[in-house]
Amino acid sequence: KTKSNKEIDPGTRGVILKAIRIIIYVIAAFMVISELGYNISGFITSLGIGGVVITLAAQDTAKSLIGGALIILDKPFKVGDYIKVGQFEGTVEEIKFRSTNIRTVENSVLHIPNSEMSISAIINYSEMEKRRFYAKLVLELDTSLIKVENAKKRIQQMLEKREDIIQGTISVKFQNISDNGMDVMVMAYINETNYMKYLNIKEQINYEIMAILQDEGV
């Protein structure tokens, strides 16, 4: 049974419940004031609500609250997603009104104001459908062309046999000739979005490529 796309994730649900709770508290406070015999209209007027709103709009707190609302509405990420914001990246742990908590790979927690989150470019790695493997092999200029061709074919065959490689995306090409040597580009897409699992697969492929090059004497 598939989940509906309209299902609210726990993080968003928590923020909405907090908003509802605050609204209830505010309404309850006004009801208590009214029961005590105070004039609500006069009370609101005396607070100068218009001036307060204008003042808050210029403050970082108001900007963060608006940013939090935008994040809830746009849903660029949810709790549990692995994202990158500016120079920071990690797993989203909590989305609050004023800030979003991100746990980094160093296991520290970042509290980023939603005012920054709402205007920053966000890369959501959890929404990726695949990840790219790319390597540039620089072979010495005096390498036999037969060895180059054999190495290319074996790398191609190795990638085609791997179940974690998306077939039809493999490319192993003799791309350039430079002063440094002959450039062979290896590219393919890996059917894995989890970053740590992707790194493990990438490492395995690198080992296999190096084993082929050593076996061919390249």
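# Exercises on a Predicted Chain

The chain contains seven helices and eight strands, where helices (H or I, at least four residues) and strands (E, at least two) are DSSP runs numbered from the N terminus. The model is predicted, so local features need pLDDT of at least 70 and side-chain atom pairs count only at pLDDT 80 or more, while totals for chains, interfaces and linings use all residues. Residues are numbered from 1 along each chain as its sequence is written, and side-chain values use heavy atoms, with hydrogens and water left out.

## Exercise 1. The chain as a whole

Task: State what share of the 218 residues counts as buried, and what share of the exposed area carbon and sulfur atoms supply.

Solution.
- Step 1. Buried means under 20% relative accessible area, exposed over 50%, and partly exposed in between (1.4 Å probe, protein chains only). By this rule, 29% of the 218 residues are buried.
- Step 2. The chain exposes about 14,500 Å², of which carbon and sulfur atoms supply 56%. Such areas come from the Shrake-Rupley method with a 1.4 Å probe; for residues, only the protein chains shown count as cover.

## Exercise 2. The largest nonpolar core

Task: Determine which elements give two or more residues to the largest nonpolar core.

Solution.
- Step 1. A nonpolar core is a set of buried Ala, Val, Leu, Ile, Met, Phe, Trp, Tyr and Cys residues joined through side-chain atoms within 4.5 Å.
- Step 2. The largest one has 23 residues, and those touching the most other members are Leu-137, Ile-155, Leu-159, Val-186, Ile-205 and Ile-209.
- Step 3. Two or more residues come from each of strand E6 (131-139), helix H6 (145-161), strand E8 (182-190) and helix H7 (195-216). H7 gives the most, with six residues.
- Step 4. Another core, of nine residues, lies apart from this one; Ile-71, Phe-77, Val-85 and Ile-102 are among its members.

## Exercise 3. The packing of H6 and H7

Task: Decide whether H6 is roughly parallel or roughly antiparallel to H7.

Solution.
- Step 1. Two packed helices are described by the angle between their axes and the distance between the axes. Axes are lines fitted to C-alpha atoms, for helices over the stretch in contact, and angles run from 0 to 180 degrees between N-to-C directions.
- Step 2. H6 and H7 pack at about 150°, and their axes are 10 Å apart. H6 is therefore roughly antiparallel to H7, since angles under 35 degrees count as roughly parallel, over 145 as roughly antiparallel, 65 to 115 as roughly perpendicular and the rest as oblique.
- Step 3. Contact means heavy atoms within 4.5 Å. On the H6 side the meeting residues include Arg-154, Ile-155 and Met-158, and on the H7 side they include Ile-205, Ile-209 and Ile-212.

## Exercise 4. Asn-101 and Asn-107

Task: Establish whether Asn-101 is buried or exposed, and whether Asn-107 is buried or exposed.

Solution.
- Step 1. Asn-101 belongs to strand E3 (residues 99-103). Its relative accessible area is 7%, so Asn-101 is buried.
- Step 2. Leaving aside neighbours within four places in sequence, the contacts of Asn-101 include Thr-91, Val-92, Val-109 and His-111.
- Step 3. Asn-107 lies in the loop between E3 and strand E4 (109-113). Its relative accessibility is 54%, so Asn-107 counts as exposed.
- Step 4. Phi of Asn-107 is near 75°, a positive value in a residue other than glycine.

## Exercise 5. Ser-178

Task: Find which residues Ser-178 touches, not counting residues up to four places away in sequence.

Solution.
- Step 1. Ser-178 is placed in the loop between strand E7 (171-177) and E8. At 27% relative accessibility, Ser-178 is partly exposed.
- Step 2. Ser-178 touches Leu-141 and Asp-183. Ser-178 and Leu-141 are 37 residues apart in sequence, and their C-alpha atoms are 8.6 Å apart in space.
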